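Here's a quick tour of a model you have on screen. Let's start with some rings and then work outwards.

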Amino acid sequence: MEEQLSAIFARFRGTAGEVIPLLQKTQEELGFLPEEAMRRIGDFAGVPFSKVYGVATFYTMFRFTPVGKYHVCVCRGTACHVRGADQILEHVERELGISENETTGDGEFSLETVACIGCCALAPCITVNSDVHGRLTSKKASQVLKKARGAALKEEEDGK
Amino acid sequence: METNVEKVKITIDGKEVLVDPGISILEAARQNGIHIPTLCHHPALSSWGGCRICVVEVDGSPKLAASCVTPVRVGVVVVTSNERIIESRRTILEFLFAERNHNCMICAQSGDCELQKLAYELQVDHLTVPALFDEFPTDITSAYLAIDHNRCILCGRCVRACQEISGARVLNFNNRGPHNLIGLDLSETREASTCLNCGVCMQVCPTGAIYDRYRTHYAVKGHDTAWQTTESLCPQCGLMCPAIFSVHDNTVLKIDGKLEADDSRPDRGQLCYKGRFEVLKTIGKRLTRPMLRNGDGTLAEESWEKALDLTADRLRAATRAKKGAAIAGLASSMHSNEALVFFRDLMGRGLGAGCIDTLDGAHFRIVHRAWAGLDMPLKEASWKMIPEADHILIVGADPYQTQPIVSSLIRRTIFENRTKVSVIGQQADLFPFAAHHLPLKEGDASLLIKALLDEATDCGTDDVKMAQAAELVRKLCLSETDAAVFHDIARTVSEASNPLFITVAGLITAADDSGFNSLVHLSRLKGLLPGSTLRLIILKPFGNSSGAWKLGLASEAEPGSKGQATACVLFLAGEQVSDPDLLERLTGLDFLVVISPYIPESLADMADVLIPCPLWIEEDGTYTSLDGTETGYKKKVIEPPSGVRDSWQILSALAERTGFRPGFDTWNDVCKAAQKEMGG
């Protein structure tokens, strides 16, 4: 982490106004915001820890626990809501055995809800990492997750 | 005071008034005796406009404006109260009550709560919205302060106070919406966080969300209307912070800082963990009647007359038996100037004591010797100069332990004035944004300061001296990073045009002189401040050290240099004696009398007579500031326990019995004598 942070800091001047971009870059690099990274950002930008944490917790884009290899976002925007996003969420939760904002024990999947991913025509939809899956039903959602899990298993086997 | 600024004419509630331009509508209304209720607003803090309780109608606009953040304009017409405004305020209040658990009967703050008062004022007798609250956490990890988030209304006063007044910047809002909570650092518990327990957040908290763990619940002690308040000062460390004591039933319920204090104090009227909490701590069993050692070696209560007679007889006998050095008088520098003057005269002129000293005499002697070596008489700098400095070097001192408000000012000046702060030595308050941190090993202090002196004063100009400094640095065996920090500190000191040095006498050990001398020399070389003042703040161990030193209580000669005393009078002010050197000095005496508010536990086997005296809070008296230039009057706040006599009564009784005429017949005479000596 030390090296990654140093590389990020090298691109900034260390002013209070850079806290949000610093948090964003750090999350991009590390996948989430560990406590130590937030302390380092505070020291670097000359901003009290309480302020760094206040900013980080205000925005929903920042995460404080590691995301899974497959990060699932269930859209709860207006269009998806009307088309049954609640059932999709419930189904995904049951399928993965985790609740919103949690990560599976094996670190493969993490689940989050978002307000709108801009694919209202495809409602209801979810994203797995950067792939959008639309016009979902419970069945289709299971297939999407199964496919991801299959890919994960295959990778593991290939690795062996 | 007349100003040339043209006043602005505005209309509030149909009344035409002239006010200063630029002030808020709220201020204008308050100056003219018109009441506008507020919640997130606090006169000592910046305005935020968050709670919307102070809304008013401006120029008949359909949108109500928060009066605390709306500045006055020429000709503006303000209505502070009508049906619409009251309804709006009441709705907000209902939402606040519906959002969290505000159950007044079981709240520690009931009776002294602004939310509760406002609910009465606006006649909120029921909620028209459903109560939606969840259970929020409570943090009671700190020994001083507790946070109950269930009582929090998120007014943000604590966040602003932590930033603007204390400078700790530990508190901030976490999360948002209904999950919004006041958090410490990275959402840590009070104890694990960098909170300094100054309690300013508690003082400004309008509800019972932040409360103190020391005091009795107000609910048990009646509402605030039944309390008496006394304005006095805190004599704990020499900064003489104004303090407001709330008293009921001869018990101090709480001590508040005078947050609206005038601009003469850069600390903005705050109190620290010592002045707000620790002074209320009892450190032993109170002594309420004199005690004498019996034939069987135990201490037993005795009448005042008998105890005073015996003490006077034994002291006189000791003087007769051994001329000159027979008696030693030792006083705590926590006593007022009056008590110290009387004690000094009684011991010196009255009993011919060979040694009169204070518990911090060793510190005094180091400062005294350093001062004797100066080319002209100089004064110490005042702590009030901290915000003006462009570089602050703290060596060996730990302001958070001794003078916590000094550490608060340093924290604030780092943020507000971008002042560079260099810390050499260990600190309880780490000053997270200090420019330099350099550890200091116990034996290295003198060498390190000497090296700093050489390098900072001759940087780049004198090759021979630079080589000498380099040699000294080599001797210190600093690690590569520490050496770099050292050179950077030296460079900052040499470049600073208005530096301040903060230290303690004796740096780390009381016997270490030369480091202190080098620092005095270094500050002398950086030029004087106006009024022959050295750029040096010396943090002293007791609240009235400066007064005691100025009155000549601390002896210039090492104690015992005039021969070993056989009898000693120890005049304590509420401390327990734990210093092994002092205990050593007190063993083997023929006669030891201890005048103390508490039973001195460590001396229970040695003392022959114990005489009770009041605590600082139970007596009047003047105190001298840290730099020795100001005097403050500390008022009596509560009565001493029954049976305890005033210090001056005890001392005059002893004077009378030993046949000494001190020249003061009344308490007023002592005050005048002390005032005269302090140059007031």
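Which residues form one aromatic cluster with Tyr144(B)? They are Tyr273(B), Phe277(B) and Tyr400(B). Before going further, a bit of housekeeping: this is a predicted model, in which local features need pLDDT of at least 70 and side-chain atom pairs count only at pLDDT 80 or more, while totals for chains, interfaces and linings use all residues. Residues are numbered from 1 along each chain as its sequence is written, chains are lettered from A and ligands numbered from 1 in the order in which they are written, and side-chain values use heavy atoms, with hydrogens and water left out.

**Rings and charges**

Rings of Phe, Tyr and Trp (its six-membered ring) pair if their centres lie within 6.5 Å; planes under 30 degrees apart count as stacked, over 60 as edge-to-face and the rest as tilted. By this rule there are 14 aromatic pairs over all chains. Take Tyr144(B) and Phe277(B): the ring centres are 5.4 Å apart and the planes sit at 45 degrees, so this pair is tilted. Tyr144(B) is in the loop between strands E6 (138-139) and E7 (145-148) of chain B, and Phe277(B) is in the loop between helix H7 (273-276) and strand E14 (291-293), so the pair ties together parts 133 residues apart in sequence. Helices here (H or I, at least four residues) and strands (E, at least two) are DSSP runs, numbered from the N terminus.

Are the two rings' residues buried or exposed? Buried means under 20% relative accessible area, exposed over 50% and partly exposed in between (1.4 Å probe, protein chains only). Tyr144(B) counts as buried at 13%, and Phe277(B) is buried at 1%.

Two arginines also sit over rings, which requires CZ of Arg (or NZ of Lys) within 6 Å of the ring centre and within 35 degrees of the ring normal.

| Charge | Ring | Distance to ring centre |
|---|---|---|
| Arg169(B) | Phe415(B) | 3.8 Å |
| Arg286(B) | Tyr598(B) | 5.9 Å |

**Backbone oddities**

Most residues other than glycine have a negative phi, and most peptide bonds are trans. Arg52(B) has a positive phi, near 65 degrees; this residue is in the loop between helix H1 (25-31) and strand E3 (55-58) of chain B, and is partly exposed at 36% relative accessibility. Asp185(B) has a positive phi too, near 45 degrees. Its loop runs between strand E9 (181-184) and helix H5 (200-204) of chain B, and Asp185(B) is buried at 2%. Over in chain A, a cis peptide bond joins Ala123(A) and Pro124(A), with omega about -10 degrees. Pro124(A) is in the loop between strands E3 (109-114) and E4 (126-128) of chain A.

**Chain A**

Chain A has seven helices and five strands, in the order α-α-α-α-β-α-α-β-β-β-β-α. The C-alpha trace spans about 50 × 45 × 25 Å along its principal axes, and buried residues make up 43% of the 160 residues.

What covers the buried residues of H3(A)? The cover includes helix H1 (2-9), helix H2 (19-30) and helix H4 (49-58) of chain A. H3 itself spans residues 35-45, and its buried residues include Ala37(A), Arg39(A), Arg40(A) and Ile41(A). After H3(A) comes Gly46(A), with a positive phi near 70 degrees.

Definitions and conventions
Contact means heavy atoms within 4.5 Å.
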